[in-house]
Amino acid sequence: MAGRLKGKKALITGASSGIGAGVAVAFAKEGADVVINFPNKQQQAGAKKVASAVRKAGGKAYLVQADVSKEGPVRRLVKESLKRLGQIDILVNNAGIATGAPVDKMPVAMWDEMISVNLRSVFLVTRFVLPHMYKQGSGKIVNTASQLGYLGSAGMGHYCAAKAGIIAFTRSLSREIGDRDINANCVAPGATYTPILDGIDEDHLKAIKAMIPKGDLGRVDQIVPAFVYLASNEASHMVGQTISPNGGDIML
Amino acid sequence: MAKRLKGKVALVTGSSSGIGAGVAKAFAREGADLVLNYPNKAEEREIWNVQKAIEALGRKALVVKADVSVEAQVKRMVKAALQEFGQIDILVNNAGHADRGAPVQDMSVEMFDRMIGVHLRGTFLCTKYVLPQMFERDYGKIINVSTQFAFGGTPLFTHYNAAKAGIIAMTHTLALEVGERNIGVNCVAPGATWTPMVEQVPPEKPKSVLAKQTKHRFGDVDKDIVPAFVFLASDESRFFVGQTLGPNGGDVFS
């Protein structure tokens, strides 16, 4: 049986750890070559580890450092990716951060950073990859949202707004794409064991678990199959949808 | 590459044509053995064709005639399936029919009852009798079939849309009852799909639906719709709990 992404070229933002890293390796296992984007020097070692896991899985891996919240670096990222891969069949807008503060105490800079990294980045990378997909006449865009885009979360107004924005952006983008052979969809994971949870205290974690019908947070390997599905031609009739591996936290 | 449903046994209700037949064949391609179900003699030839196709893939296919809205027939079907295979890993509650619909004030009570009976009661009955052995084995995947119209409605089809929305609510509730067990309960809500059912609804219906849909085309059973079932039937979906996937060409965004 052939890999489900055989011969495909994928650009994955924020792929040095967590879900993005898992997606990169899963794509390679299914036959894709990937560009692993990471934001800064601190993430470089992680990105290199992901690259060797991708190669072990049989895929080609290229590292491109770029802060996806900024136009210049994004233009460079897309150009570099096209140079390395020759084409971009799959774009996964996954880069994201997590911070937190109640609205009345949230520094404006914290808000701005969140919206830039988690939402503006999705626009920017899509903005510069899309013309290429239009020309090519095919493509898959998979955006990483979050169940918190639906549920909301005290102390994370900025994060939830950004993630809900990604869902609405994906729907609008789908309408613009129309009947071209390009699909844009979202994955909205529930709470997942990734480095983004570093620093969260035990009690908070226990409270999260208690709310999930499955009784536990997701593991990356339970989340990434949703990305493979949406990146493959199996999802040809999935348009502007958000699918939710979340252990039943919210059922949509 | 490994087959995604290797060694599994799947019961697909209403598998003589349309989405059910496509799902059954796709499951067989992924390594599953099948229990095929059809409602009446009129569907006999079609179900045999599906059976032949599955056997040609080297998989087993047990054919059971049963009206899923009748308790005794469902009990008999599940018993026959377990006798043959010893287990049911995957249940797809797909059996359904369409009619020409009618405005509520003109809809015969029989028409309403029949629709709710096959779609909603049928889903309940099959689940009720398959679930105990899934609990015993602590393994299972249940996939229910809804429709995009469960969200947006469409005139003349109150009975159909109510049944399909009920199926989504049942999916949510059952997922909570199943809880932390290793049993996945999810739903697929396709958009307008090219199946024999389309021929039963008034011809202007599909046209008006496709006009506002993003892809402006019917879903193709094998290419567009069936992969969502394979995904939910496989262990790739193990963190999907009570979710509804909408391969609908960009009509309702869920």
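In the predicted model, strand β6(B) and strand β7 of chain B, the latter made up of residues 244–245, pair in the parallel sense over two bridges. Within this pairing, B:Val188 has B:Leu245 of β7(B) as its bridge partner. Strand β6(B) also pairs with strand β5 of chain B (residues 140–145), to which six bridges join it, and these two strands likewise run parallel; here B:Lys141 of β5(B) stands opposite B:Gly184 of β6(B). Strand β6 of chain B, which comprises residues 183–188, is mostly covered, six of its six residues being buried. The burial extends to both faces of the strand, since B:Ile183, B:Val185 and B:Cys187 are buried on one side, and B:Gly184, B:Asn186 and B:Val188 are buried on the other.

In chain A, eight helices and seven strands are found. The radius of gyration of this chain is 17 Å, close to the 18 Å given by the globule rule for 252 residues, so chain A is as compact as a globular protein of that length. The C-alpha trace of chain A spans about 45 × 40 × 40 Å along its principal axes, and 53% of the 252 residues count as buried. Of the contacts in chain A between residues at least 6 apart in sequence, 73% join residues at least 24 apart.

The seven strands of chain A form an open sheet with parallel pairing, in which the order is β3-β2-β1-β4-β5-β6-β7. The edges of this sheet are occupied by β3 (61–65) and β7 (242–243) of chain A, each of which has a single partner strand, so one side of each is left without a neighbour in the sheet. The edge strand β3(A) is joined to strand β2 of chain A (residues 33–38) by five bridges, the two strands running parallel, and A:Val35 stands opposite A:Tyr62 of β3(A). Helix α2 of chain A (residues 44–56) lies across β2 and β3 of chain A and runs at about 170° to β2(A). Helix α4(A) also packs on the sheet, where it touches β1 (9–12), β4 (90–93), β5 (138–144) and β6 (181–187) of chain A, and the direction of α4(A) makes about 170° with that of β4(A).

Helix α4(A) is further engaged with a second helix. The axes of helix α3 (residues 71–85) and helix α4 (residues 108–136) of chain A come within 9 Å and cross at roughly 35°, and the crossing in which α3(A) passes α4(A) is right-handed. On the side of α3(A), the contact is made by A:Glu71, A:Val74, A:Arg75, A:Val78 and A:Leu82, whereas α4(A) contributes A:Leu124, A:Val125, A:Phe128, A:Val129 and A:His132. By residue class, this contact between α3(A) and α4(A) divides into seven nonpolar, one polar and two charged residues.

The contact between the two chains takes 32 residues from chain A and 32 residues from chain B. On the side of chain A that touches chain B, the elements giving two or more residues are α6 (157–177) and α8 (220–231) of chain A, and the largest share, four residues, comes from α8(A). The residues of this side of chain A divide into 13 nonpolar, 14 polar and five charged.

Three individual residues were also examined. A:Gly157 has its place in helix α6 of chain A and is partly exposed, with 17 other C-beta atoms within 10 Å. The C-alpha atoms of A:Gly157 and A:Gly14, which lie 143 residues apart along the chain, are separated by 22 Å. In chain B, B:Leu156 is found in the loop between α5 (149–152) and α6 (158–178), and its phi is near 80°, a positive value in a residue other than glycine. B:Leu156 is partly exposed, with 18 other C-beta atoms within 10 Å. A positive phi, of about 50°, is likewise found for B:His216, although this residue is not a glycine; B:His216 has its place in the loop between α7 (204–212) and α8 (221–233) of chain B. With 12 other C-beta atoms within 10 Å, B:His216 is exposed.

Methods: Residues numbered from 1 in each chain as written. Chains lettered and ligands numbered in written order. Predicted model: local features only at pLDDT ≥ 70, side-chain atom pairs only at ≥ 80, totals over all residues. Axes fitted to C-alpha atoms, helices over the stretch in contact; angles between N-to-C directions. Left-handed = near helix turned anticlockwise from the far one by under 90°. Contact = placed C-beta atoms within 7 Å. Nonpolar A, V, L, I, M, F, W, Y, C, P; charged D, E, K, R; others polar. Pairing = 2+ DSSP bridges. Buried ≥ 20, exposed ≤ 12 C-beta atoms within 10 Å, placed from the backbone. Rg over C-alpha atoms; globule rule 2.2 N^0.38 Å.
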